[in-house]
Amino acid sequence: MNTLYRYRGNLCYTYSLHCKNYSAGVAAAFQLEAPIPEDLSWRKMCNTPVSYLHAVLQLCARNRTPIQGKACHAQAIRFGLLEDTTTSNILVNMYSKSGLLSCARKVFDEMPARSLVSWNTLIGSYAQSGEAQEALSLFKFMQREGNSFSEFTISSVLCACAAVCYVYVCTQLHGFAIKTAIDSNLFVGTALVDVYAKSGLVKDASCVFESMRERNVVTWSCMVVGYVQNELFEEALLLFHRAQIMELEHDQFIFSSIICGCAGLSALIEGKQVHAIISKTGYGSNIFVASSLIDMYAKCGSVEEAYTIFTGIEEKNVVSWNTMISGFAKHARALETMISFEKMQQIGLYPNDVTYISVLSACSHMGLVDEAKSYFDLMIREHNLSPNVIHYSCMVDTLGRAGKISEAYNLMQGMPFDATASMWGSLLACCRFHENLELAEVAAKHLFEMEPDNAGNHILLSNIYAANRKWEEVARARKSLKERVVKKERGKSWIAMKDKVHTFMVGEINHPRIAEIYSKLDNLVEEMKILGYKVEIEHDLHDVEESRKQELLKHHSEKLALSFGLLCLPPSAPIRIMKNLRICGDCHSFMKHASSITQREIIVRDINRFHHFRNGCCSCGDFW
């Protein structure tokens, strides 16, 4: 008894000294989370020294204070408490949450006896830290030793594998879960949905989701996020509407993802509806949801509304600034882009590589060569950022669009890494615009090797030959295209009307109102001709008669979409058209004249950027 009394006294005295050395913040946190009555004496606390040690270790875990935790660990070793499984488990947890996984593993390996909690704690920690291989190896070790497992064990290993897309391992774990009859467990099912979705196996994720008897908000989030990440935006919207009908609770992850889905579809109406739900549920103040809303409005052509959301954010972070700067860049708002870049730094935030991509992109779209060079230099010199392939791609595009083809080519040759297909594609497109046949052939040669099945490269080179009236080379290029059995992506445009999206191809004949659309287009062209509009046949590079070229250009998909919009939308409503390819020169001129005649704002989003047509002018300044 005397020995035990001395042991408790020494331990109590050590703890009292240790607590006195605690930082003020830790002590305050401990008092908040585990208040001690004022009349509680040290003698009373000494009756449960082990419990007190556990409480201090748990406090260290919560506050991520490994130094104090190590001091407790030392006392536990001194008094032989590591024989106790619970004490060792709490130490493993403390080190894991403090980011010291090697220390956690050392404690785990030295445990004389381990419980299920021991295994789950370390496996879960490996999973949360992204160390999938360690989590999987530990699970295999657990199985070899014949230890029991739980649904938490399986779900943790699945989450670890999901992060690195170990598809084969995950399917094995799925089979293991079925065999052990825990596949119907909520956490296991949710983990399976997540891993299949992240691995691109959306059908498998959907099958698991639909088979689950019980689902929580995380399960729904995983499925919605999975659809969005795999660009199945319509499916994501349908699932979200289903959740709405069931009156399920939502979280910031669902809202952020479904807003991204609306952005991907350019579905402004649906995006506004989701925005209304977000405002109603109070998630509008969440920085990630707000950033998603900024992105959605910008991608749907409403950069003013995007800016309204941005100004309403009280504490802006780098993500929100980058999203807004990117939105300005997409809409050719170079001045706003550069002003935002400066304001961001004035409030103490530093631009990162994403920020510079947007700024350089804005310079590219507006032909601001000197400014682009200045930002590229600032990025390296001032902010110590190493330009990546996208930054170089922006610079190549900027130089190429401005007609500095040789300089762009020299930049590509001097890069610290090989040029990508995107860079060669940009150079080839610039060669077409500035009629540089020599470098066009160089770029095309690289593209044919890197993307042998991309028909667009063959078509572009063929068009460059056609523009230079080299019809023999045109025939040879088109023959090569046919021999490779590759298909050119057809141009199409679409316009949202109420709850339906209407899609048009060049020479469209299948739309139910196609006769009205062609009639409206003919009348519009006649009005334009009075004001001096003339079809720019040089933008059609087919070797056909001039009248046929005029007919082909007249029936381009974006013109049909515009005519339909004029038929259906109220006179004051802007017309928003989306296109899967770059808008041609004739259609660009057509839209400028149409905006002047109809007194309507026409917004066209092509594959590269937005064009805002107002009163006969375009936001791009005719440089795109």
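Okay, let's start with a definition: a salt bridge here is a side-chain nitrogen of Lys or Arg within 4 Å of a carboxyl oxygen of Asp or Glu. Go by that rule, and the count for this structure comes to 20 salt bridges. One thing to keep in mind throughout: this is a predicted model.

Before the details, a quick overview. The chain has 624 residues, and 47% of them count as buried. Its secondary structure comes to 33 helices and 6 strands. And if you take the contacts between residues at least 6 apart in sequence, 62% of those join residues at least 24 apart.

Right, back to the salt bridges. Side chains of opposite charge can pair when their charged atoms come close. Let me show you a few pairs. E110 and K106 form one, and their closest N and O atoms are 2.7 Å apart. Both of those residues, E110 and K106, are exposed. Another one pairs E382 with R381, with 3.9 Å between the closest N and O atoms. E382 and R381 are both exposed too.

Now for K272 and E305. This is also a salt bridge, and here the closest N and O atoms are 3.7 Å apart. What does the pair tie together? K272 lies in helix α17, residues 268-281, and E305 in helix α19, residues 303-311, so the bridge links parts that are 33 residues apart in sequence. And are these two buried, exposed or partly exposed? K272 has 39% relative accessibility, so it counts as partly exposed. E305 comes in at 29%, so E305 is partly exposed as well.

One more on this topic: R105, D109 and E134 are linked in a network of salt bridges.

Let's go inside. The largest nonpolar core has 137 residues, and the ones with the most contacts inside that core are L158, M296 and Y375. There's another core lying apart from it, with 31 residues, including L521, A561, I602 and F613. Let me pick out M296 from the big one. Leaving aside residues up to four places away in sequence, M296 touches I259, C262, A263, L268, G271 and K272. You've met K272 already, as the salt-bridge partner of E305.

Two other buried spots are worth a look. Start with T323, in helix α20, residues 318-330. T323 has 14% relative accessibility, which means it counts as buried. Which residues does T323 touch, not counting those up to four places away in sequence? They are S291, I294 and D295. Staying in that area, the C-alpha atoms of T323 and S292 are separated by 8.2 Å, with the two residues 31 apart along the chain.

The other spot is V369, in helix α23. At 9% relative accessibility, V369 is buried too. With residues up to four places away in sequence left out, V369 touches T398, L399, A402 and K404. V369 and D397 are 28 residues apart along the chain, and their C-alpha atoms are separated by 10.0 Å.

Okay, pockets. I'll take the second largest one, which has a volume of about 780 Å³. There are 26 residues lining this pocket, and the closest to its centre are A267, E270, A496, K500 and V501. Which elements give two or more residues to the lining? Those are α15 (233-245), α17, β1 (492-497), β2 (500-505) and β3 (575-579). So we're back at α17, the helix that holds K272. It's β1 that gives the most to this lining, with 5 residues. By type, the lining residues divide into 15 nonpolar, 4 polar and 7 charged.

Last stop: a couple of backbone oddities. E231 isn't a glycine, yet it has a positive phi of about 60 degrees. You'll find E231 in the loop between α14 (217-229) and α15, and α15 is one of the elements in that pocket lining. With a relative accessible area of 60%, E231 is exposed.

N384 is a similar story: phi is near 55 degrees, a positive value in a residue other than glycine. N384 sits in the loop between α23 (369-381) and α24 (389-401). Its relative accessible area is 68%, so N384 is exposed. And α23, remember, is the helix where we found V369.

That's the tour, thanks for listening!

Notes:
Residues are numbered from 1 along each chain as its sequence is written. This is a predicted model: local features need pLDDT of at least 70, side-chain atom pairs count only at pLDDT 80 or more; totals for chains, interfaces and linings use all residues. Side-chain values use heavy atoms; hydrogens and water are left out. Buried means under 20% relative accessible area, exposed over 50%, partly exposed in between (1.4 Å probe, protein chains only). Helices (H or I, at least four residues) and strands (E, at least two) are DSSP runs, numbered from the N terminus. A nonpolar core is a set of buried Ala, Val, Leu, Ile, Met, Phe, Trp, Tyr and Cys residues joined through side-chain atoms within 4.5 Å. Contact means heavy atoms within 4.5 Å. On a 1 Å grid over the protein atoms alone, a cavity is a set of points where a 1.4 Å probe fits but cannot get out, and a pocket is an open set with protein on both sides within 12 Å along at least five of seven lines; lining residues have an atom within 4 Å of a point. Grid points are joined across faces, edges and corners, and a volume is the space filled by probe spheres set on the points. Ala, Val, Leu, Ile, Met, Phe, Trp, Tyr, Cys and Pro count as nonpolar, Asp, Glu, Lys and Arg as charged, and the others, Gly among them, as polar.
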